[in-house]
Amino acid sequence: RDSPEVSRLKHMPDEDRRAALEARDTPVRRDPTDLEGRSLNETELRQWIDAGMLVGNHTWDHPCLDQCSPDEQLRQVTTAHEWLAEFCGAPPSRFAYPNGDWTAETERTLAHLDYDEAFLFDHRIDRTSGEHRLRRSRLRLDAASSPRRSDAVLSGFHSMSLTLRSRVRRT
């Protein structure tokens with residue numbers, strides 16, 4: 001779960017968020033022992049590829065795309081796409097929206113770049129039967145998920161509570 005500061009930054013227009021981060025004396029950091037939030041370096045990424053794993057696009061520097069201008073959304077997706085195509089030897093065909101925030105502009109870019117699938121972060125079971133290949137739902141469960149969290153995510157309660165929290169925050 002995000003800290004109040006990170007949550008506030010995620011809901012700012014991208015230019016304002018970048019300016020706020022630039023003006024800080026110290027960067028916003030995750031817990032250094034939490035490896036989940038850490039990016040791979042190039043050596044680790046090469047090892048991942050060499051092990052036969054798939055690498056997808058997640059933007060160049062992970063902004064919340066719904067807070068970016070259309071031009072910045074395009075830049076974020078295409079810059080990462082081109083770098084990954086060069087580094088991996090083939091263009092990526094999968095995309096995960098940072099923070100799960102879908103935008104029509106980004107979806108158009110992904111369609112133009114011929115992506116096979118793109119993933120939201122909406123904690124829903126995907127029942128679209130392939131209707132929206134660039135808007136696939138996904139659940140977040142891992143070995144550290146408690147039985148209570150797992151039950152909430154699988155029941156749909158977790159996504160309902162996130163929607164409600166978002167509506168309350170906007171009012």
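In the predicted model, phenylalanine 119 is classed as partly exposed, because its relative accessibility is 23%, and a residue is counted as buried only under 20%. This phenylalanine belongs to strand 2, which spans residues 117-119. Apart from residues up to four places away in sequence, phenylalanine 119 touches Arg94, Phe95, Ala96, Tyr97, Arg136 and Arg138. Tryptophan 102 lies 17 residues from phenylalanine 119 in sequence, and the two C-alpha atoms are 8.6 Å apart in space.

Tyrosine 97, one of the residues touched by phenylalanine 119, has a long list of contacts of its own when residues up to four places away in sequence are not counted. Its partners are His58, Leu65, Trp102, Thr103, Thr106, Glu107, Leu110, Ala118, Phe119, Leu120, Leu134 and Arg138. Tyrosine 97 is also part of the largest nonpolar core, which has nine residues in all. The other members of this core are Leu65, Val77, Phe95, Leu110, Tyr115, Ala118, Leu120 and Leu134. A second core, separate from the largest one, consists of five residues, among them Ile49, Val55, Leu84 and Phe87. In soluble globular proteins, nonpolar side chains tend to be buried together.

The protein chain as a whole contains seven helices and two strands. Read from the N terminus, its elements follow the order α-α-α-α-β-α-β-α-α. Of the 171 residues in the chain, 31% are buried. Among contacts between residues at least 6 apart in sequence, 47% join residues that are at least 24 apart.

Two pairs of helices were examined in detail. Two packed helices are described by the angle between their axes and the distance between the axes. For helix 4 (residues 70-88) and helix 5 (residues 104-112), the axes come within 9 Å and cross at roughly 40°. Helix 4 is therefore oblique to helix 5. The crossing of these two helices is right-handed. On the side of helix 4, the residues in contact are Pro70, Gln73, Leu74, Val77 and Thr78, and they meet Glu105, Thr106, Thr109 and Leu110 in helix 5. By class, this contact comprises four nonpolar, four polar and one charged residues.

Threonine 109 illustrates this contact at the level of a single residue. It lies in helix 5 and counts as buried because its relative accessibility is 7%. With its neighbours within four places in sequence left aside, threonine 109 is in contact with Leu74, Val77 and Thr78. These three residues belong to the part of helix 4 that meets helix 5, and Val77 is also a member of the largest nonpolar core.

The second pair consists of helix 3 (residues 42-50) and helix 4, whose axes come within 11 Å and cross at roughly 65°. This crossing, too, is right-handed. Here Glu42, Leu45, Arg46 and Ile49 in helix 3 meet Trp83, Phe87 and Cys88 in helix 4. The residues of this contact divide into five nonpolar, no polar and two charged. Ile49 and Phe87, which take part in the contact, are also included in the second nonpolar core.

Towards the end of the description stands glycine 156, which is placed in the loop between helix 6 (147-155) and helix 7 (157-170). Glycine 156 counts as buried because its relative accessibility is 17%. Leucine 139 is 17 residues away from glycine 156 in sequence, and their C-alpha atoms are 9.7 Å apart in space.

Conventions. Residues are numbered from 1 along each chain as its sequence is written. This is a predicted model: local features need pLDDT of at least 70, side-chain atom pairs count only at pLDDT 80 or more; totals for chains, interfaces and linings use all residues. Side-chain values use heavy atoms; hydrogens and water are left out. Axes are lines fitted to C-alpha atoms, for helices over the stretch in contact, and angles run from 0 to 180 degrees between N-to-C directions. Helices (H or I, at least four residues) and strands (E, at least two) are DSSP runs, numbered from the N terminus. Angles under 35 degrees count as roughly parallel, over 145 as roughly antiparallel, 65 to 115 as roughly perpendicular and the rest as oblique. A crossing is left-handed if the near helix is turned anticlockwise from the far one by less than a right angle, and right-handed if clockwise. Contact means heavy atoms within 4.5 Å. Ala, Val, Leu, Ile, Met, Phe, Trp, Tyr, Cys and Pro count as nonpolar, Asp, Glu, Lys and Arg as charged, and the others, Gly among them, as polar. A nonpolar core is a set of buried Ala, Val, Leu, Ile, Met, Phe, Trp, Tyr and Cys residues joined through side-chain atoms within 4.5 Å. Buried means under 20% relative accessible area, exposed over 50%, partly exposed in between (1.4 Å probe, protein chains only).
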